[in-house]
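Here is a short note for a colleague who is opening this entry without prior acquaintance. The points run from the whole chain down to single residues.

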Amino acid sequence: MSYPDNPFDDGRAYERLMGRWSKLAGASFIEWLGASPDLAWLDVGCGNGAFTEELIARCAPRAVTGVDPSEGQLAYARERPGAKAATFKLADAQELPFADDSFDAATMALVIAFVPEPIRGVREMARVVRKGGFAATYMWDLLGGGVPFQPLFDAMRSLGIERALPPSAEAAGIEAMRALWEEAGLQDVETREIRVPIQFDDLDDFWESNTRTGPPALQLGALPEATRAAVRERLRDYLPVGPDGRISYEARANAVKGRVG
């Protein structure tokens, strides 16, 4: 199965799939950035506004602009109570519709692996950020087993079903991120790993959360019903279930930041 052009087009379903985990990772990412208040921020690939909301809550920004290629995601973002102060626009990360030096900071939260040409996206962020500002990203460790729904991929693989990968999955690696930032001319480049606790009430909660939208849902939806049932049953071998029936494990993301010179 080829990777879909827009695997995340339902903001509400995405919230259950990824919103809670992206907010946890985003909070750690923002703390690491150590940004000053009163900055003008650009949130590239803002999706349904989960990270935008964190920026507003934690950074005391002067202004926040979020851009995304999905109208469905943006519609949800505009309705978030904590994101009302932001401006949202339809735009491509590789062709940002802003003049040079328009922002103090640009972030790309859980997006870089979906950008067909990551270096173009990084250069665009660097272009629209003023000298002395910074550009940064974080992304689940896709090739290192760090995504929140990794047990689902493990169950699928055990049945001979290889997952479809986004166009730039290799850009999620920590050394690949560093190389992209340096190639784009950013200075004082730093990287780090972010770990996030993942929890579900039980198998039903995991299945319902991870099969409504996004790459796993689209790939499973293309399979025969009997195969989907087999994947669900095989999940029992890959989900760490505690004595109380709850499922707990960790997801991992890689992050990079650099200053515009």
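1. Contact here means heavy atoms within 4.5 Å. On that basis, take the contacts in the protein chain between residues at least 6 apart in sequence: 77% of these join residues at least 24 apart. Please bear in mind that this is a predicted model.

2. Secondary structure. The protein chain holds nine helices and seven strands. Its radius of gyration is 18 Å, close to the 18 Å that the globule rule gives for 261 residues, so the chain is as compact as a globular protein of that length. Measures along the principal axes put the span of the C-alpha trace at about 55 × 35 × 35 Å.

3. Burial and surface. Of the 261 residues in the protein chain, 54% count as buried. The area that the chain exposes is about 11,100 Å², and 47% of this comes from carbon and sulfur atoms.

4. Charge. The protein chain carries 29 positive and 39 negative charges. The mean positions of the two sets lie 2 Å apart.

5. Helix 2. This helix covers residues 50-59 and is mostly covered, with seven of its 10 residues buried. The buried residues are Ala 50, Phe 51, Thr 52, Glu 53, Glu 54, Leu 55 and Cys 59. The list includes Glu 53 and Glu 54. Just after helix 2 comes Ala 60, which takes a positive phi of about 45°.

6. Ser 209. Is this residue of helix 7 (residues 203-210) buried or exposed? Ser 209 has 0% relative accessibility; the cut-off for buried is under 20%, so Ser 209 counts as buried. Its side chain reaches the backbone oxygen of Asp 205 at a distance of 2.8 Å. Asp 205 also falls within the residue range of helix 7.

7. Arg 130. This residue sits in strand 5, which runs over residues 129-140. Its relative accessibility is 31%, so Arg 130 counts as partly exposed. Which residues does Arg 130 contact, leaving aside its neighbours within four places in sequence? They are Asp 101, Phe 103, Asp 104 and Val 260. For one of these, Asp 104, the position along the chain is 26 residues from Arg 130, while the C-alpha atoms of the two are separated by 5.8 Å.

Definitions and conventions:
Residues are numbered from 1 along each chain as its sequence is written. This is a predicted model: local features need pLDDT of at least 70, side-chain atom pairs count only at pLDDT 80 or more; totals for chains, interfaces and linings use all residues. Side-chain values use heavy atoms; hydrogens and water are left out. Helices (H or I, at least four residues) and strands (E, at least two) are DSSP runs, numbered from the N terminus. The radius of gyration is taken over C-alpha atoms; the globule rule is 2.2 Å times the number of residues to the power 0.38. Buried means under 20% relative accessible area, exposed over 50%, partly exposed in between (1.4 Å probe, protein chains only). Accessible areas come from the Shrake-Rupley method with a 1.4 Å probe; for residues, only the protein chains shown count as cover. Lys and Arg count as positive and Asp and Glu as negative; His and the chain ends are not counted. The place of a charge is taken as NZ of Lys, CZ of Arg, CG of Asp or CD of Glu. A polar contact is a pair of N or O atoms within 3.5 Å; within protein, one must be able to donate a hydrogen and the other to accept it, and residues adjacent in sequence count only if both atoms are side-chain atoms.
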